[in-house]
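Q: Please take a close look at one part of this structure, the helix packing, and describe in connected prose what the model shows there. A word on the pocket would be welcome as well.

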Amino acid sequence: MSGLLPAPALTILAEVDPALREWGHRSLAPARDLGRELLPVCALVAAPKDSPELLTALARGLAAVALAQVASFPENLCCDFEFMAADLLRRARAAPDPVGLLDARLGQIARLQRLYGRDTAIRFRYVHDFVYGYDWAKWVGRDPDLRVGVGPYDAAFLDHLERRAHELLGLIAVDDPVYPGLPDEQARNPFPFSREPASELRLHRALADRGLIPIAAWDPDAQPVWSRPFAALRAELAAALGLAASDDCSARG
């Protein structure tokens, strides 16, 4: 399984995969309950033509992302890495500086996890909206003529997320009515439906079963879709399942 991966990559992955096992991340893949660890993910997407340096960069960058998610979203339920790994590796292969591209994009993604999680005032509980493409689909849909060619890990979208994080921190600092400050350790829920763990898992598995996930992140060959009203469809299904926001002890923001 890991025959294509060079020794430095294997060392990196051996150090981070125990943290993923302890995190216990689930998958939204229809036929699998648990998400793959990073060693099988990297082995799945690696090709014989990939240089040891490129595969080591992939392992190093994914490890940084995973550790940032574990630290920033300890209560996160679902996370699949296959499409992120495959998509960025495909783009790196076509880039003038393949290792540089992976280092830059995965480094920025890791930084974003830390900005949006429990260690800042934003304090979202889950990384689902980034991993499964809800944030990306919403952003493209706001200006499709300009953004239709921008992928979920392209610099333009990642730069937007980074700017938005700092905008949110500014709003929270002045106790904005939409994004207020929260008591310590309280998660933020800006949605009209419950995001308590049982509700969150039920809703997103139902969405995956119905093909209502913008990015099938468990599929390395997924084709991300932005053009459906995913936010509205998610809210409608939550209402149909009876997952009202009143079930959620998290503050809205």
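A: What follows is an account of the packing around helix 3, and then of the largest pocket.

The model is a predicted one, and the values given here were computed from it. Two packed helices are described by the angle between their axes and the distance between those axes, and each pair below is introduced in that way.

Helix 1, residues 7-23, packs with helix 3 at an angle of about 20°, the two axes lying 9 Å apart. Angles under 35 degrees count as roughly parallel, and helix 1 and helix 3 are therefore roughly parallel to each other, in a crossing that is left-handed. On the side of helix 1 the residues that meet helix 3 are P8, A9, I12, L13, V16, A19, L20 and W23, while helix 3 brings L55, T56, A59, R60, A63, A66, L67, Q69 and V70 to the contact. Divided by class, this contact has 14 nonpolar residues, two polar ones and one charged one.

Helix 4, residues 82-93, stands in another relation to helix 3, residues 52-72, for this pair packs at an angle of about 140° with the axes 11 Å apart. Helix 3 and helix 4 are therefore oblique to each other, and helix 3 passes helix 4 in a right-handed crossing. L54, L58, L62 and V65 of helix 3 make the contact with M84, A85, L89, A92 and R93 of helix 4, and the residues of this contact divide into eight nonpolar, no polar and one charged.

Helix 5 is a further partner of helix 3, with an angle of about 5° between them and axes 8 Å apart, which makes helix 3 roughly parallel to helix 5. The contact of helix 3 with helix 5 comprises 15 nonpolar, four polar and four charged residues.

Helix 5, residues 98-116, also leads to the largest pocket, since it is among the elements that give two or more residues to the lining, together with helix 6 (128-131), helix 7 (134-142), helix 9 (155-173) and helix 11 (230-240). Helix 7 supplies the largest share of that lining, five residues. The largest pocket holds about 680 Å³ of space and is lined by 33 residues, of which F124, D129, D135, K138 and F191 lie nearest its centre. By class, the lining of the largest pocket divides into 19 nonpolar, four polar and ten charged residues.

Key
Residues numbered from 1 in each chain as written. Predicted model: local features only at pLDDT ≥ 70, side-chain atom pairs only at ≥ 80, totals over all residues. Heavy atoms only, no water. 1 Å grid on protein atoms, 1.4 Å probe; cavity = no way out; pocket = protein on both sides within 12 Å on 5 of 7 lines; lining within 4 Å. Points joined across faces, edges and corners; volume = space filled by probe spheres on them. Helix = DSSP H or I, 4+ residues; strand = E, 2+ residues; numbered from the N terminus. Nonpolar A, V, L, I, M, F, W, Y, C, P; charged D, E, K, R; others polar. Axes fitted to C-alpha atoms, helices over the stretch in contact; angles between N-to-C directions. Parallel < 35°, antiparallel > 145°, perpendicular 65-115°, else oblique. Left-handed = near helix turned anticlockwise from the far one by under 90°. Contact = heavy atoms within 4.5 Å.
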